[in-house]
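Me: I have a model to go through with you. Let's take the interface, then the sheets.

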Amino acid sequence: MKKSTNISIKNSFILLSVLLIVFFFLNISLGSVSIPFEDIINIFTGKSISKESWHTIILDFRLPKAITALLVGSGLSVCGLLMQTLFRNPLAGPFVLGVSSGASLGVAILILGSSVFGSFFVTNSISNWSLVIASSLGAFLVLFAVIISANILRNTMSILIIGLMFGSLTAAVISVLAYFSEAQQIQQYLFWSFGSLGNLTWTEINVFSSIYCIGIFGSFTIVKTLNSFLLGENYAKSLGVNIKRSRIIILLITSLLTGVITAFSGPIAFIGLAAPHIAKILFNTSNHKILLPASALIGAIILLICDCIAQLPTSEFTLPINAITSLFGAPIVIWLLIRKKKIFV
Amino acid sequence: MNSTFKKNILVIDNLTVGYQEKNKIKIIANNISLNIKRGSFVAIIGKNGIGKSTLLKTISKVLKQLNGSITINGKNINEYSYRELAKTISLVLTERLPESQLTVLELIALGRQPHTNWIDTLSKIDIEKIEWAIKETNLEKLRDNRIDELSDGQLQRVLIARALAQDTEIIILDEPTAHLDMHQTIKIFELLKKLTHKTEKTIIISSHEINLAIKTCDQLTILSKNKIYSGTISTLMVENAFENLFSSEIVKFNRTLQQFVINKN
């Protein structure tokens, strides 16, 4: 509440917002076809441009991709923050509940299962939508199991362990499926698990962003509860918080967001764990009113940067986004931790 | 009956406390009946494991009651919503706080949660109450410190300030002086006594500081295996309550000093 800290928080938010906008446009301007920056501005302002094909490249490929990066990065970071606070564990992230493992299982059954179970799946070509539906189904199946166990178990830590067990279980099932599959299917599944921000149509983006908005809005309504969790569950209870209900709301929001993100972009690692920690280190606070938007901004920025790197500017190739996030992100977090010497939940 | 509820903020009748897990019930203490007067400073004393903390946690609804009734301000505790109860009882527990980057001011402000809106904006009244709590507990100099930088005694004062900011009629503290040295212990007792008389709040603590409790508290409740004694020091002395607290010969109650003393044999 000191004035000077208030100002520095405000400045940090302005800086982060500026960075977000800069990297958003940098992300759009990079790609296998180089398009001058003025033309990109012209496309957005509706003025005439030198080449008609650029119009399609920007509006139908690069813009959806940048928006996806923004949604995925911020969504995963918010989930990570919620999980870290709920479990009071700095190692928690969006994937601890096993929801993304469930999504992976759904996709694995769709892709790998078609060779194992043979004629059950009629078509050979797997569309984007069927991938989305398969991974959503998998995610919600695990979500359902987690919510049921959360209702039975009083101990929050047990939910964490159960989530990890679901992760191991699904990984095992996927291994078995892969063992009986053909190389082509395994490769297809592997490509999905690398994660991808591109290839989303505007219809898919619309579906994605509506569910995203529900999740993000939901997480802002529980800021107060999250702050009370900083004192532990007994104190939260004494402050009038309905622990059981809040726990289920947090689990629902995380599962919904992780599920939809994994469905549309594959299991993207690292961001959800790291962005909240970077926010905590940068802002030096545990207040979720600050941490929630800060994590979202930082997550979006990191993913936009990673995507810029993944495109290998001026090259035809695109590296798997999942590798880039960890390759460049992990050293940053290690460096921040060594500098600050301490990590907080 | 009505006059009992008017005089006593808290009426406990034939209460059984303990833990309930699935189909196993572990009873810690039963047949607890006691009244606590409005605006008094009450200490619950008794041997380790007799159920002091369990009783306090049951009164504050952190634990479910197994049997009997708890009535606060003439209304059964089960009829209170979470938020209503949070406006009536505030807590200071013995458990360690999870590690966080909270500052003293932020932690005290969390006490206002039952009173704030959904996004937790502090109104003018909220800020006034917080500032008042900081002043009463003498924390002005520490307000911007992080809670992990505080000593045990300072942290205890911060937690008391948080409970004060919550602005409830009853404040319950579970062994508030557990890790403190003699000087800090006396300071906390005196702070609590001062707060009771100044604010007319009812403060209930559990403690092992029997001699200090005899000197400072308005009412004592002694939990023992066979019987529960509750009342002022003089009534308890008439009932021979103190003699029944410890069965051993090592510590004895000295009636002239009104203190427990160590036997020198």
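Me: How many residues of chain A are in contact with how many residues of chain B?
Reply: This is a predicted model, with local features needing pLDDT of at least 70, side-chain atom pairs pLDDT 80 or more, and totals for chains, interfaces and linings using all residues. Residues are numbered from 1 along each chain as written, chains are lettered from A and ligands numbered from 1 in written order, and side-chain values use heavy atoms, without hydrogens and water. Contact means heavy atoms within 4.5 Å. On that rule, the contact joins 31 residues of chain A and 39 residues of chain B.

Me: Which three residues supply more than any other three of the area that chain A buries against chain B?
Reply: Buried area is the accessible area (1.4 Å probe) lost when two parts are put together, summed over both. Between chain A and chain B it is about 3,100 Å², with 57% from carbon and sulfur atoms. The three that supply 24% of chain A's part are Lys224(A), Tyr235(A) and Leu239(A).

Me: What is the salt bridge count between chain A and chain B?
Reply: A salt bridge needs a side-chain nitrogen of Lys or Arg within 4 Å of a carboxyl oxygen of Asp or Glu. Between chain A and chain B, the count is 0.

Me: Which strands of the open sheet in chain B stand at the edges?
Reply: Strands (E, at least two residues) and helices (H or I, at least four) are DSSP runs numbered from the N terminus. Two strands pair if DSSP finds at least two bridges between them. In chain B, 6 strands form an open, mixed sheet in the order E6-E7-E8-E3-E9-E10. Two of them have a single partner strand each, so one side of each lacks a neighbour in the sheet: E6 (89-92) and E10 (228-231) of chain B.

Me: What angle does the direction of helix H7 of chain B make with that of E8(B)?
Reply: Axes are lines fitted to C-alpha atoms, for helices over the stretch in contact, and angles run from 0 to 180 degrees between N-to-C directions. E8(B) runs parallel to E7 of chain B, joined by 5 bridges. H7 (residues 182-199) packs on the sheet, touching E3, E7 and E8 of chain B. Its angle with E8(B) is about 155 degrees.

Me: Which residue takes a positive phi in the hairpin of E4(B) and E5(B)?
Reply: E4(B) and E5 of chain B run antiparallel, joined by 2 bridges. Thr71(B) stands opposite Asn76(B). The hairpin has 2 residues between the strands, and the one with phi near 50 degrees is Asn73(B).
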